[in-house]
Structure formats: C-alpha cells, structure tokens
Amino acid sequence: MDAYPAIERHGLIGDLQTAALVTDDGTIDWFCAPRFDAPSIFAALLDRRNGGCFQLVPDGVQFVSKQLYLPGTPILITRFLSADGVGELIDFMPVAGDTATDVHRIVRMVRMVRGRLRFRGECRPRFNYARDEHESEMTPDGAAFRTPHCAVNVNAVRRHGGLVRPEDVRRDGNDIHFTVTLSAGDVGGMLLETQPEGPPRAVSADEVLHLFQQTRDFWRGWIGRSRYQGRWREMVERAAMTLKLMTYAPTGALVAAPTAGLPEQVGGERNWDYRYTWIRDASFSVYALLGLGFTAEAQAFLQWLNDRVRFASEHSSPLQIMYRVDGSPDLDEEILDHLEGYRQSAPVRIGNGAATQFQLDIYGEALDSLRLADAHELPISHAAWEHVAHVVDWLCEHWDEPDDGIWETRGGRQDFTYGRVMSWVAFDRAIQLARRRGRPGDVDRWTGMRDRIYRQVMQRAFHPKREAFVQHYDTDVLDASLLYMPLVGFISPTDPMWDTTLRAMDEELVADSLLYRYDPAASPDGLRGAEGTFTMCTFWYVDALARAGRLGEARLTFEKMLTYSNHLGLYAEEIAPTGEQIGNYPQAFSHLALISAAMNLDYQLDHGSGWVEPVLRHGVATSSR
C-alpha cells in the first residue's frame with residue numbers, strides 16, 4: 001500500500017459483533033476482533049506500512065474497480081474490469097449471533113466473470129495495533145498466524161483440487177504472499193477465521209456458498225421488515241443496514257463508528273476513538289429504529305440504557321456519556337506513538353478521555369427515547385422506572401451547573417444552551433412518562449425545574465444583538481446543536497425568535513447547504529486546527545427548514561447531501577471543504593440523522609404547505625415565498 005485511500009473509498013462489512021473496512025481495490029485495511037473496541041488485526045488505515053492489511057488485487061494489468069453492495073444486504077462486491085478480463089471479489093462476514101464469541105469469519109470469494117486475470121494477494125496481520133509480534137505457519141490448506149493472545153487462520157476455499165499452487169505461495173518474514181491465475185468460470189477464495197480451534201483447513205465451495213446464502217437471506221429478511229415507503233427508500237434502507245452493522249448484538253449497544261483515529265482535519269490532532277456507545281447517539285437511534293419498524297433493536301438498546309441508568313441511580317452518580325459495548329465504563333485514553341496516523345494525522349488515540357466529561361444533554365436524549373418507546377407500547381418496568389425517577393431527581397440538583405457540552409470540547413465548562421434545553425426535555429419527558437402510566441414521581445418538583453429552565457434559556461440564551469440563540473450564556477457564538485430546539489418542542493419552528501436564529505445560522509454556519517457545528521476561532525475549544533462541516537447538523541438543518549415551512553430549501557439541501565455520500569451510500573462524520581469525507585467512518589450519527597430527516601421531510605412534503613421552489617439570490621438558495 002503506497003498511499004492512503006480516501007476514507008470514502010471504503011465499504012463496510014460486519015457480523016453484528018465487529019466489522020471490517022474494505023477499499024475499492026480489494027484491501028481490508030481495518031479489522032478489530034473479537035469486538036468493535038478490541039485491538040486491531042489489520043490497521044493499515046492508520047499506518048499504511050506498519051498497520052497490517054489483507055489485499056487481493058489484479059496483478060500486472062491496468063484495471064478499473066467498481067464497488068457495490070448486493071441489493072438488500074451488506075455483502076460487498078468489488079469488480080475489477082480490464083481489457084484482459086473481469087473478476088469479482090465478494091466480501092462478507094457471516095452473522096455471529098447474539099452470544100459474544102471470539103470466533104469471527106471474513107469470507108473473500110473470487111469469481112472470474114470473463115477472460116483471464118492473475119491476482120496478487122498478501123496477508124500481513126499486525127496484532128494489537130501492530131504492537132505484538134506474531135509467528136506464522138503455512139500448510140497445504142492455508143496459513144496460520146499466532147500471538148500469545150490472538151490467532152488467525154486463513155483457510156483456502158477449494159474446488160476441484162484448488163486454484164492456488166504451492167509454488168505460487170511464499171513467505172515474507174511472517175507474512176504470506178501468493179498469486180493465482182483465474183479464467184472465466186473459476187471460483188475460489190479464502191476464509192479468514194479468528195481464534196480457530198485447529199490448524200488451517202480446506203473449505204469447500206459448497207460451504208462458502210451456504211454461508212453466502214445464509215448471510216444474504218438474513219439481511220434481506222431483516223431489511224424486509226422496514227416500514228419506510230417514502231421518497232428515499234434506497235438511501236434510508238442502506239443507512240438502516242449500516243446502523244445494524246454497527247450494533248453489538250449481544251447487548252444491543254450501537255457504536256458511534258467502527259473506527260478510531262480518522263481525522264476531522266487531515267494532518268490535525270482531532271483524532272478520536274469512536275468504537276464505543278454514546279448515550280446520546282444510541283438514544284437518537286430509538287427514533288430511527290421505531291420509525292422504521294425495528295422494534296426488537298430499539299428494545300435491546302433500551303435494556304442496555306436501563307442498565308446504565310440503574311447503575312447511576314444505585315450509586316447516586318451522573319451517567320457517563322459513553323461506555324464500552326458491554327456497558328463497562330473503562331475508556332482510558334492512550335496514544336499509539338508507533339502509528340503515523342491516517343495521512344500523517346497524529347496522534348492516534350485509543351480509548352476516549354471525554355468519557356468522564358459532564359454533559360447535561362444526555363439526560364434529555366435518554367428520557368426522550370424512553371418516552372418515545374413508551375408511546376410505541378414498549379413501557380419500562382416498575383424497577384426501571386424507580387431508577388429513572390431517581391436519576392431525574394438527581395438532575396434537579398445539577399441541571400444549573402456548567403457542563404462540557406455536546407461537542408466534547410476540551411476548553412472548559414460553560415452554561416451551554418443545548419445542555420439546558422435537553423435538561424428541559426428530560427424533565428418534560430419524565431412528567432409525560434409519569435402521567436401517561438400513572439407512575440409515581442415528584443412531578444410537581446420536576447414541573448418547577450422544567451419551567452425554570454425554560455425561562456432561563458429564553459432570558460439568557462437569546463442574544464439581543466445577534467437576534468439568535470447562542471452557544472452558551474457568555475458568548476455571541478452560534479451553535480448548530482441548537483437546530484434541535486424546535487425538533488424537541490422547546491420552541492415553535494415558526495416563533496419569531498427561532499426564525500431569526502435560523503436566519504443567523506443561514507448566514508454564518510451554512511456553506512452551500514452544509515453546516516459547521518460552530519466557529520472554533522470564535523469559540524476556542526482547547527484544540528488546534530479547524531474541522532469540516534458536520535453531516536449530522538446538515539440533516540438537522542433539513543428538518544429545521546422543513547418545520548419552518550421552507551420546504552423547497554429543505555428538499556434541495558437534502559438532495560445535495562445525498563451527493564456527498566460515497567459510492568455505497570455511506571457517510572463519515574464530516575465533509576471537508578474539498579468535498580471529501582473526513583472523521584471516523586461510517587458515522588452512526590450521520591446515518592441516524594439521514595433517516596430522521598428523510599422521514600420528517602416526507603411527512604412535511606405530504607402534509608405541510610407544499611413545495612416552494614428555491615431561487616438563487618446572490619449565489620445562495622433561498623425560498624421564493
């Protein structure tokens with residue numbers, strides 16, 4: 001690997017316990033096992049020379065590669081087209097199930113469509129983020145790679161005696177290189193297996209075909225349960241499958257992204273580990289999952305959330321903003337100095353030091369998801385409600401304290417407006433939960449707190465000169481997180497105070513329909529460098545425009561956003577000024593926001609005031625109303 005592929009040149013495959021990234025030229029350059037947050041086996045994404053990869057690519061011929069998902073599945077097909085022939089590499093991971101396991105499989109099938117091509121392959125694992133040395137052994141049936149703590153077999157897939165000859169395989173230290181020539185109709189491949197029970201084994205083509213059919217049928221059966229019939233069905237269903245791929249089935253926890261260390265600015269220091277479950281992100285998933293009809297997935301996450309709430313209640317402590325997928329709170333941050341980082345973007349961090357930040361908004365998101373589930377006839381148990389009520393009582397004592405904010409800045413605590421608004425949501429939803437089911441709780445106190453927050457935000461967060469709600473009480477800086485205010489019902493989308501806020505964001509945070517979170521230069525966040533536009537915020541902007549009656553702008557902005565996805569419909573966290581995707585990838589928040597924006601925009605277009613065609617004025621799309 002001589003150069004780093006663009007982030008968006010990757011597809012995602014997974015088995016509902018971990019995942020791998022595959023470039024559009026057939027290289028697996030990111031894979032962790034046995035879980036999303038486990039040490040890497042392949043990490044060339046973060047160090048192209050030393051991170052390790054598993055590559056399979058045509059050799060000695062010029063080719064063009066095209067990549068797509070098998071419709072209705074996350075089975076990834078990479079097509080190699082050349083004058084000499086056309087071949088296909090089919091990558092997938094058989095579903096691992098709901099019980100945690102150390103055994104995970106990646107199937108790499110090669111099929112020659114026409115002509116004749118020679119393929120070159122190499123398997124260079126680098127265990128434990130390239131910190132552990134390994135030994136390897138070659139056998140007639142494949143290769144074995146071993147460390148004291150991890151083992152991987154690469155098993156040969158054989159038909160009619162096999163396609164790889166012994167003389168075409170060689171060792172390079174403890175790595176394996178091979179070549180294979182395929183003609184039209186030939187089918188071969190490899191099955192990578194972690195923590196195997198024995199030595200490499202020959203895998204029959206029938207076994208691989210069975211795994212393929214099982215995986216295909218599972219995913220098509222799953223996505224077939226989607227209730228979405230709107231205008232953007234293909235994109236919404238792909239986003240839903242991507243979210244499912246990022247869900248740890250044994251607990252129902254959703255990781256923010258399956259990657260670590262991908263930069264928010266190439267060459268910068270804003271490089272974080274997102275392979276954990278944020279209370280905020282996962283709570284937002286409940287809206288998307290229930291809206292699409294995936295009740296079981298929403299219920300599984302809610303059980304995970306209830307366990308975290310119970311722990312906080314029993315210890316009279318705040319919720320942690322993020323946890324590991326198994327619910328454990330230990331996310332100590334560590335810098336991997338031996339990895340150069342994606343395109344020299346250092347430092348590479350694993351763990352996440354923001355886990356212990358104090359962020360008030362997570363209580364609103366958590367309570368909103370519980371209230372939404374309750375409305376969908378997924379009520380929480382009595383014991384769970386007792387813990388929720390205790391946490392809401394805790395919030396009564398702490399909502400008026402400065403917090404670290406939604407964006408996890410490292411510039412000090414402030415009276416962030418978004419944290420106050422979502423605390424209002426927490427009390428409001430707790431009141432609804434109590435009254436709807438006749439549950440016990442200090443509703444009078446909660447009501448008093450809710451009303452105090454509302455008055456405080458209206459009096460202190462609205463900047464009279466800016467005529468806009470601002471990031472925190474002691475600044476005039478705008479913040480895209482406040483787009484959520486009308487979405488949660490804190491303010492009417494047609495309120496004059498909101499109208500001027502939205503117009504201010506139009507002028508300051510919007511760049512050709514794309515939204516910046518805030519201006520780091522105007523609001524120092526403790527980190528050097530800048531960042532791109534935030535994909536989630538742009539989808540929130542679509543929703544806010546639609547609710548404000550600016551449907552023409554909303555639809556145009558949404559359609560523009562669809563052009564920024566990659567060739568497979570996937571999104572990273574941010575979009576650089578060049579249009580390339582940056583940040584961890586794929587990002588759950590981006591796909592959650594896409595689903596929500598699509599559902600809400602569909603509703604507004606069907607039931608709102610109708611389409612208003614945007615016109616261009618001074619180069620900016622504005623409503624012609």
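This report describes one buried arginine, one strand hairpin and one pair of helices in a predicted model.

**An arginine in a strand**

Arg 108 lies in strand β9, which covers residues 105-124. Its relative accessibility is 0%, and buried means under 20%, so Arg 108 counts as buried. The side chain of Arg 108 makes a polar contact at 2.9 Å with the backbone oxygen of Gly 26.

**A hairpin of two strands**

Strands β13 and β14 pair in the antiparallel sense, and 4 bridges join them. Within this pairing, Val 169 has Phe 178 in β14 as its bridge partner. The two strands form a hairpin with 2 residues between them. In the turn, Gly 173 has a positive phi of about 65°.

**A pair of helices**

Two packed helices are described by the angle between their axes and the distance between the axes. The axes of α6 and α7 come within 12 Å and cross at roughly 150°. Angles over 145 degrees count as roughly antiparallel, and α6 and α7 are therefore roughly antiparallel to each other. The crossing of α6 past α7 is left-handed.

Which residues of α6 meet residues of α7? From α6, they are Tyr 363, Leu 367 and Leu 370. Their counterparts in α7 are Val 388, Val 391, Val 392, Trp 394 and Leu 395.

The table gives the extent of the paired elements.

| Element | Residues |
|---|---|
| Strand β13 | residues 169-172 |
| Strand β14 | residues 175-183 |
| Helix α6 | residues 361-375 |
| Helix α7 | residues 382-398 |

Terms used. Residues are numbered from 1 along each chain as its sequence is written. This is a predicted model: local features need pLDDT of at least 70, side-chain atom pairs count only at pLDDT 80 or more; totals for chains, interfaces and linings use all residues. Side-chain values use heavy atoms; hydrogens and water are left out. Buried means under 20% relative accessible area, exposed over 50%, partly exposed in between (1.4 Å probe, protein chains only). A polar contact is a pair of N or O atoms within 3.5 Å; within protein, one must be able to donate a hydrogen and the other to accept it, and residues adjacent in sequence count only if both atoms are side-chain atoms. Two strands pair if DSSP finds at least two bridges between them. Axes are lines fitted to C-alpha atoms, for helices over the stretch in contact, and angles run from 0 to 180 degrees between N-to-C directions. Angles under 35 degrees count as roughly parallel, over 145 as roughly antiparallel, 65 to 115 as roughly perpendicular and the rest as oblique. A crossing is left-handed if the near helix is turned anticlockwise from the far one by less than a right angle, and right-handed if clockwise. Contact means heavy atoms within 4.5 Å.
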